[in-house]
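Hi,

Here is the structure I said I would pass on. Have a look at it first, and my notes follow underneath.

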Amino acid sequence: MPKSQIVDPKQVRQAQVLKLPEIPVNQYKVPLADERKRYGDPRLVGVLEDMLIIREFEAMLQKVKLEGSYEGIKYDHLGPAHLSIGQEASAVGQALNLSTDDYIFGSHRSHGEILAKGMSAIRTLADADLTKVMGGFDGGACLKVVEKGASGSTKDLATEFLVYGALAEIFAKITGFNKGLGGSMHAFFTPFGIYPNNAIVGGSADIATGAALFKKCNQQKGIVIANIGDASMGCGPVWEALNFASMDQLETLWEEGYKGGLPIIFNFFNNFYGMGGQTCGETMGYGFLARVGAGVNDDAMHAERVDGYNPLAVADAVIRKRKLIEERRGPALLDTITYRISGHSPSDASSYREKAEIEAWQQADPILAYSAELIKAGVCSEATYADLRAKVKALMIKTLKLAIDPVLSPRMDAEAIGELMYSNSKAPRLSAREPVLREKLADNLRTKQIAGKVRSLVGQTAAVPKAKQYNVSDAIFEAMAHHFATDPTLVAYGEENRDWGGAFGAYRGLTELLPYHRLFNSPISEAAIVGTGVGYALCGGRAVVELMYCDFLGRAGDEVFNQMAKWQSMSAGVLKMPLTLRISVGAKYGAQHSQDWVAMCAMIPGLKVAFPVTPYDAKGILHTALNGTDPLVYFESQRLYQNGEEFAKDVPAGFYEIPEGAPALRRPGKDLTILTMGSTMYRALDAAKILQDKYGVSAEVWDARWAVPFDYEPIVESVKRTGRIVLASDACERGSFMHTMASTIQRLAFGKLDAAPVVIGTRNWISPAAELESSYFPQPAWIIDAIHEKILPLKGHTVTSNQGDLELIRRARRGI
């Protein structure tokens, strides 16, 4: 919402007709003679060899899956194998002119892309570089397997290394590229520019867009290609990614040196099917997939349809789109038509398509057609072609034997997976270059304003006006500003992040401090906000992305739960994920803006989850997040942004961290323990005061601060002393993470408990209007009533809410 861009009613209400750019369809017409001059005959023969490698690799997998053997070698592969037999030309053509600085991201059907991009790297890298890559990857574990008995050139060895590393990964072997934790649908090899493939349809679209954002913001070489299928055009995150990559601000607002659309090609491998649904004629309405580019920007994303059965046509298209991107005119879209002769998976009998259709595409087989063209033109001979096929067959036999050998290629000890869930490393800055700022941090107006505030209310003898109190919003600003001035890769974005100062004011002052490429307003595209953050982080940058309300988490569910959480572990530590997701938990705004979903994030392995509720903790935990390399969901309460510091004697102006998992004691006590998550802590403190003043009961109040990881030891020690515990948060009681905590505490302190733990949460309703919230969110009286009815009878107490067991049974029976 920059004031510099005026929305003029006269202009936008003017009558006009939009004219869309023409979209080329299968326009490649370059004679082979010209391609021989461009590439040379050996390289053209290399294209044929690469297609044969992919074809035989997948034929081997298909036989192993369907028949349990290949060329007499028996093996039972239990995992998936989504094959791309028939699509080899599309993969090889795309990779032909790419370098290791160019990144490709793929789908569940990307064995061919891995091999094609890998072979492209092998053919272009110097032998010394190849040796360094192979020897340096995973301590040389993969290389040690293939170099035994190896003969031939360095490039021959590298080819064996590539094919073996991919196959061992598919077979879940520790010598695979990702130690078997990625498998068929997630394998990748970053030294060759092969980035994660994704089992979620369209899942690579926004992640690849984030990788392109990383390249632009950090001025890195190369382009990014998102290889996704035609059926992904029905997925919301894909549309969000197309728009994100084409945002007007990239041209109109970003500074010189950073202008222009993102350096990405969205390459749709259009095989006309999404599982058994036929995209053209059944499940989609676009007719020609390339048409959708016209709905994204004025250039129609430079979209075109390309004949993916001709590898040179695809290569030519990539060259032309790359030129546009290098001129900062990206992004681009390719509708690369192809066909999978094989089924969706080996178990797919293709009952949804006619045999005649499959036979027609088999007759157009790209390998047969391309080899025939080369032979006719004298580029290679029939004998050369036969030799290539024999060589490839021998390669697959040798590789399969190595990959199934339990001694040479063992599986990982499953217990080791736990050690790979988090990187648990510290990295204050992810690049040595100087951070780009618009002004010095010390000169920033908000920095100066905060310097005049009272940083703690502890020990203050006179009331401090709200405007003078250092608050949670200030704490978030200080931590963010510190890391923006420290880590040059750090970017932040989300809805209303710039100009407005963030939806709740925490970023006020950052607009003046930062250029657009480090802080910008994203589209209202929650999936793309998080997904691009994932791509940015796994490429080596640090991002803080924001969802304005916790309730919007559902719009980014896959990106948070399947992508952000899992890539560190699925990569077996090859990747890190320095991504922080800020999520604000609301109130007063009704059923779709007032929910606490901490439990959703805490239940997903791979995420760290924190919920600070004081200025000291808000700053310290954010420092911890931004000094680490793990994905962290950082919950904030909208009730508390203006709260001053009531517990710490000081909130240091400089850097400090809060230990991960450490709860905080807010009030000491001896008769019972109260453990809270989120803003409920303040109501628990009110309850503790009433218990002490009215009933003489001393309650010890703890603030969890963290959900994952969490150190139970201090809480268990407290419970062992008090014998009783109540847990409370603003999450719905049913499914609340406090139940997980209660269960764990009961196991750890069972012999010392005088009563079962009691969990208090919001009612299992929709969040009502602000005027009714006192009947919905936990109140001090609820905590006291629950203690009276279920833990410790309070003399003279009259309950005002029903917290008894019979009421719990009644509500559960009714589903409320």
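Which helices and strands each supply at least two residues of the lining of the second largest pocket? Before the answer, one caveat: this is a predicted model. The elements in question are α27 (737–748), β22 (758–762), α28 (780–790) and α29 (805–814). Among them, β22 gives the most, with five residues.

That second largest pocket has a volume of about 470 Å³. It has 25 lining residues, and those closest to its centre are E733, V759, Q803, L808 and R811. Sorted by class, the lining comes out as 10 nonpolar, nine polar and six charged residues.

Now for the largest pocket, in case you want to set up a grid there too. Its space comes to about 710 Å³. It is lined by 32 residues, with S246, M247, D248, Q249 and L250 closest to its centre. Helix α11 (residues 249–252) makes the largest share of this lining, with four residues. The class split here is 10 nonpolar, 12 polar and 10 charged residues.

Away from the pockets, I also looked at a serine, S736. You'll find S736 in the loop between β21 (725–732) and α27, and α27 is one of the elements that line the second largest pocket. Is S736 buried or exposed? Its relative accessibility is 4%, so S736 counts as buried, the cut-off for that being under 20%. A polar atom of the S736 side chain sits 3.0 Å from the backbone nitrogen of M738. Leaving aside residues up to four places away in sequence, S736 touches A599, S729 and A731.

One last element, helix α24 (residues 615–626). From first C-alpha to last, its 12 residues reach 16 Å, close to the 16 Å expected at 1.5 Å a residue. How much of α24 is buried? The count is 11 of the 12 residues, so α24 is largely enclosed by the rest of the structure. If you want to check them in the viewer, the buried ones are P615, D617, A618, K619, G620, I621, L622, H623, T624, A625 and L626. Charged side chains are on that list too, including D617 and K619. As a reminder, an α-helix has 3.6 residues a turn, so residues three or four places apart point the same way.

That's what I have for now. Shout if anything is unclear.

Cheers

Note on methods. Residues numbered from 1 in each chain as written. Predicted model: local features only at pLDDT ≥ 70, side-chain atom pairs only at ≥ 80, totals over all residues. Heavy atoms only, no water. 1 Å grid on protein atoms, 1.4 Å probe; cavity = no way out; pocket = protein on both sides within 12 Å on 5 of 7 lines; lining within 4 Å. Points joined across faces, edges and corners; volume = space filled by probe spheres on them. Expected span 1.5 Å × (residues − 1). Buried < 20%, exposed > 50% of the residue type's maximum accessible area, 1.4 Å probe, protein only. Polar contact = N/O pair within 3.5 Å; in protein donor to acceptor, adjacent residues only side chain to side chain. Contact = heavy atoms within 4.5 Å.
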